[in-house]
Amino acid sequence: MNRIFPAMLGIALMTIPFAARATDTPQREPYGIALEGFAYPYPVHLLPVTNDGEQLSMAYMDVAPAQPNGRTVVLLHGRNFPSSYWADVIKMLNDAGYRVVVPDQIGFGKSSKPAGELHFDTLARNTIALLDHLKIDKTDIIAHSMGGMLGVRIARAYPDRVTHLVLTAPIGLEDYRLYVPPTPTEKMIETEDKLTADGYRKQLQTNYAIKLPPDAITPFIDARFNIKGSPDYPRWLRAFVSSGQMIYREPVAHELALVTEPVLFVMGADDHNAPGRPNAPEALRAKMGQNAALAKAFAAKMPNARAEVIPDTGHLVFLEAPATYKEMVLGFLGR
């Protein structure tokens with residue numbers, strides 16, 4: 001019996017490492033605060049900028065067409081997406097002869113995450129600084145979601161630099177302060193920090209009515225949640241929350257009708273995205289996010305605008321209905 005026990009113990013100890021290896025899941029190295037480790041479809045360049053005395057770097061892609069038509073398009077991303085999601089639109093525009101410049105705004109993607117607050121006026125100045133650096137006098141702008149708010153601010157502040165403005169499922173068509181009470185930044189940080197990857201997937205599918213297979217939105221979830229393992233995650237989180245405060249505190253709905261450049265709204269019929277809706281009084285929530293109707297109403301007031309609504313489409317219209325989007329956008333830019 002004394003001989004049997006040591007032998008059994010030895011066998012048990014030998015099997016422990018193999019059992020552990022069988023149950024372990026490989027840990028992926030976390031992305032850096034500037035999305036180090038997350039691939040973009042084209043080379044990324046950095047432009048030094050100074051915002052409120054802070055030295056920062058603005059990341060951008062500058063993609064030349066094989067047969068240039070002499071025109072440039074700037075793509076402005078949304079809040080919840082890295083600018084890599086424009087890959088198919090970049091190719092669409094390149095094939096039509098357009099040079100395409102795709103910045104990550106400060107606070108997003110591969111650009112610096114500032115210690116200070118984000119403001120649309122600052123992001124607009126940064127974008128114009130990028131155009132100056134690239135020696136681009138005039139450009140068409142295609143903007144998505146939060147980028148639509150920035151596109152409006154650029155068109156209003158620098159009308160001589162913009163030839164056409166495409167607002168793709170923009171937010172900011174209403175003043176969210178009319179519905180949602182102000183929320184302290186620290187409370188927003190606490191709420192965002194508690195959000196899980198599964199919860200975020202559900203949020204995207206529900207709030208954005210995305211008509212894409214689950215695998216197609218996984219990169220957006222990875223781009224956000226694989227940063228959590230980085231030691232710089234708290235800085236990223238504060239910058240992300242600052243962008244939410246920017247959307248709330250700096251509405252553009254009151255100046256949108258004053259844009260004089262040609263404007264095309266491309267809306268998803270099922271896109272009812274309205275930032276902050278869960279924090280609004282229940283009686284007001286149903287009034288928020290009537291985005292297609294709001295776009296049509298704005299277009300009717302504007303001197304040179306029209307609104308197109310794509311049926312059975314949510315917030316990511318250029319990925320959900322690429323053929324229709326291509327026809328609408330290229331036709332509009334060619335006017």
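**Salt bridges, a buried contact pair and two cavities**

Me: How many salt bridges turn up in the whole structure?
Reply: A search over the whole of this predicted model returns 15 salt bridges.

Me: Ok, and what does Asp 121 pair with?
Reply: The side chain of Asp 121 forms a salt bridge with that of Arg 153, at 3.0 Å from N to O. Because Asp 121 sits in helix 3 (residues 120–133) and Arg 153 in helix 4 (residues 146–157), the pair ties together parts that are 32 residues apart in sequence.

Me: Are those two buried or exposed?
Reply: Asp 121 has a relative accessibility of 41% and counts as partly exposed, whereas Arg 153, at 10%, counts as buried.

Me: Which network are they part of?
Reply: Asp 121 and Arg 153 are linked with Arg 156 and Glu 255 in a network of salt bridges. Within that network, the side chains of Arg 156 and Glu 255 meet at 3.6 Å, again taken from N to O. Arg 156 belongs to helix 4, while Glu 255 lies in the loop between helix 8 (233–249) and strand 7 (263–268), so this salt bridge ties together parts that are 99 residues apart in sequence.

Me: And how accessible are Arg 156 and Glu 255?
Reply: Arg 156 is partly exposed, with a relative accessibility of 34%, and Glu 255 is buried because its relative accessible area of 17% falls under the 20% cut-off.

Me: What about Arg 238, where does its partner sit?
Reply: The side chain of Arg 238 meets that of Glu 186 in a salt bridge of 2.8 Å, N to O. Arg 238 is in helix 8 and Glu 186 in helix 5 (residues 185–194), so that distant parts of the chain, 52 residues apart, are linked by the pair. Arg 238 is partly exposed at 38% relative accessibility, and Glu 186 is partly exposed at 47%.

Me: Switching topic, where is Ile 136, and what does it touch?
Reply: Ile 136 is in the loop between helix 3 and strand 5 (139–144), and it counts as buried at 5% relative accessibility. Leaving aside residues up to four places away in sequence, Ile 136 touches Thr 72, Arg 99, Val 101, Leu 131 and Arg 161.

Me: Thr 72 is on that list, so what is around Thr 72?
Reply: Thr 72 is found in strand 3 (residues 72–76) and is buried, with a relative accessible area of 9%. With residues up to four places away in sequence again left out, the contacts of Thr 72 are Arg 99, Val 101, Ile 136, Thr 139 and Asp 140.

Me: Any idea how many cavities there are?
Reply: The structure holds two cavities of 30 Å³ or more, and the largest has a volume of about 180 Å³. Its lining comprises 17 residues, of which Arg 79, Asn 80, Gly 109, Ala 223 and Trp 236 are the closest to the centre. Helix 7 (214–225) and helix 8 are the elements that give two or more residues to this lining, with the largest share, three residues, coming from helix 7.

Me: What classes of residue line that one?
Reply: The lining of the largest cavity has eleven nonpolar, three polar and three charged residues.

Me: And the second largest cavity, what lines it?
Reply: The second largest cavity has a volume of about 30 Å³, and its lining residues include Gly 148, Met 149, Val 152, Leu 167 and Leu 256. Helix 4 gives the largest share of that lining, three residues, and by class the residues divide into eight nonpolar, two polar and no charged.

Conventions
Residues numbered from 1 in each chain as written. Predicted model: local features only at pLDDT ≥ 70, side-chain atom pairs only at ≥ 80, totals over all residues. Heavy atoms only, no water. Salt bridge = Lys/Arg side-chain N within 4 Å of Asp/Glu carboxyl O. Helix = DSSP H or I, 4+ residues; strand = E, 2+ residues; numbered from the N terminus. Buried < 20%, exposed > 50% of the residue type's maximum accessible area, 1.4 Å probe, protein only. Contact = heavy atoms within 4.5 Å. 1 Å grid on protein atoms, 1.4 Å probe; cavity = no way out; pocket = protein on both sides within 12 Å on 5 of 7 lines; lining within 4 Å. Points joined across faces, edges and corners; volume = space filled by probe spheres on them. Nonpolar A, V, L, I, M, F, W, Y, C, P; charged D, E, K, R; others polar.
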